[in-house]
Amino acid sequence: MKSWIWITAGAGLSSVLPVAWMVWKPSLAAGAVTAIWAAAASVGAAWLVLRSEKRRQQAIVRNMEHASIRMLNHHRHDWMNELQILYGYIQLGKLDKSVACVERIKERMALESKISKLGIPSLVFYLHSYRTSGNNLQLEVDIVDQVQLEGKVSPGTADRVAETIIRTVKAFQMSGKASWGETRELALTFMQQEHELIVWAQGEGDFGEPDSLRLQIEQAVQDEGVRVEQTEPGEPTYRLYLPLVT
């Protein structure tokens, strides 16, 4: 946006000389030069704006591509670890542990499928790629039954829901800090009740002063119609009620 302003300002300033010439010595030639100059400056400014916007879009696409590659590599590495563990149990003839490993893989696949079916692309991508960004807060996600919002909410509502949830996670990230050898965890549980999406955020670990965290949570959900309540006084547990306006 700032580049557009500078380009427009530059195009306007470039017309100062021919306009000054026409004012100082009015003539048909001066008027023609001014008109041609103004047209050329407008065309040039439009071309520069389009070029700048194209570069910006290309940068966004490249960043998304890099983030997607990191996410795919991370998931591939995780699945390879699971398969190696399962293969080891099979080689050792430990049937009970092999069955338990398969059940764990099935549960994880079911959860990832539920996340993918949430129906808000930006939120789905954020949850799937969270572990690849080196955060200081471990995120666990659970989805009660099936929460499928695709086609049930407008694009604007979907964007607001995703942004509110992402800001809430960031509020937990920025509150407190993990001691050496300790981990901080945040469990997000998604539930849908009629025309409302309920997100239960439960923190475990050091999140600093409770009042400070509560203030950051309240600032994170400053959106019309969104309600937030602290489920246990003094504890880092909150429920967000997000209206799903179709």
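Start by selecting helices α6 (residues 155-174) and α7 (210-220). Their axes come within 8 Å and cross at roughly 160°, where axes are lines fitted to C-alpha atoms, for helices over the stretch in contact, and angles run from 0 to 180 degrees between N-to-C directions. The two helices, α6 and α7, are therefore roughly antiparallel; angles over 145 degrees earn that label, under 35 count as roughly parallel, 65 to 115 as roughly perpendicular and the rest as oblique. The crossing of α6 and α7 is right-handed. In this convention the near helix is turned clockwise from the far one by less than a right angle, while an anticlockwise turn makes a crossing left-handed.

Show side chains at this crossing: Thr164, Arg167, Thr168, Ala171, Phe172 and Met174 of α6 meet Leu213, Gln216, Ile217 and Ala220 of α7. Contact here means heavy atoms within 4.5 Å.

A word on what is on your screen: this is a predicted model, in which local features need pLDDT of at least 70 and side-chain atom pairs count only at pLDDT 80 or more, while totals for chains, interfaces and linings use all residues. Residues are numbered from 1 along each chain as its sequence is written, and side-chain values use heavy atoms, with hydrogens and water left out.

**Zoom out for a moment**

The protein has 7 helices and 5 strands. Helices (H or I, at least four residues) and strands (E, at least two) are DSSP runs, numbered from the N terminus. Along the sequence they follow the pattern α-α-α-α-α-β-α-β-β-α-β-β. Of the 246 residues, 30% are buried, with buried set at under 20% relative accessible area, exposed at over 50% and partly exposed in between (1.4 Å probe, protein chains only). Among contacts with a separation of 6 or more, 64% are between residues 24 or more positions apart.

**Back to α6**

Select α6 alone. Its 20 residues reach 28 Å from first C-alpha to last, close to the 28 Å expected at 1.5 Å a residue; the expected span is 1.5 Å times one less than the number of residues. Colour the buried residues of α6, including Val161, Ile165, Ile166, Val169 and Phe172. The buried residues of α6 pack against α5, β2, β3, α7 and β5.

Now add α5 (121-129). The α5 and α6 axes come within 9 Å and cross at roughly 25°, so α5 and α6 are roughly parallel to each other. Ser122, Leu123 and Tyr126 of α5 make this contact with Ala162, Ile165, Ile166 and Val169 of α6. The crossing of α5 and α6 is left-handed.

**Step off the end of the helix**

Which residue is in the loop between α6 and β2? Select Ser175, which is found there. Ser175 is buried, with a relative accessible area of 3%. Leaving out residues up to four places away in sequence, Ser175 touches Arg184, Asp206, Phe207, Gly208, Leu213 and Gln216. Gly176 follows α6 and has a positive phi, near 65°.

**Under the helix: the sheet**

Display the strands. Helix α6 lies across β2, β3 (196-204) and β5 (237-243), running at about 170° to β5. In what order do the strands stand? The 5 strands form an open sheet in the order β1-β2-β3-β5-β4, with mixed pairing; two strands pair if DSSP finds at least two bridges between them. β1 (138-143) and β4 (227-230) stand at the edges, each with a single partner strand, so one side of each has no neighbour in the sheet. On average, neighbouring strands of this sheet are turned by 20° against each other, direction ignored.

Focus on β1 and β2 (185-193), which pair in the parallel sense over 6 bridges. Two partners to label in β2 are Leu188, opposite Val141, and Thr189, opposite Asp142. Then move to β2 and β3, which run antiparallel and are joined by 9 bridges. Ala187 stands opposite Gln202 in β3. These strands, β2 and β3, form a hairpin with 2 residues between them, and Glu194 in the turn has a positive phi of about 50°.

**Last stop**

Finish at Asp145, in the loop between β1 and α6. Is Asp145 buried or exposed? At 60% relative accessibility, Asp145 counts as exposed. Phi of Asp145 is positive, near 55°, in a residue other than glycine.
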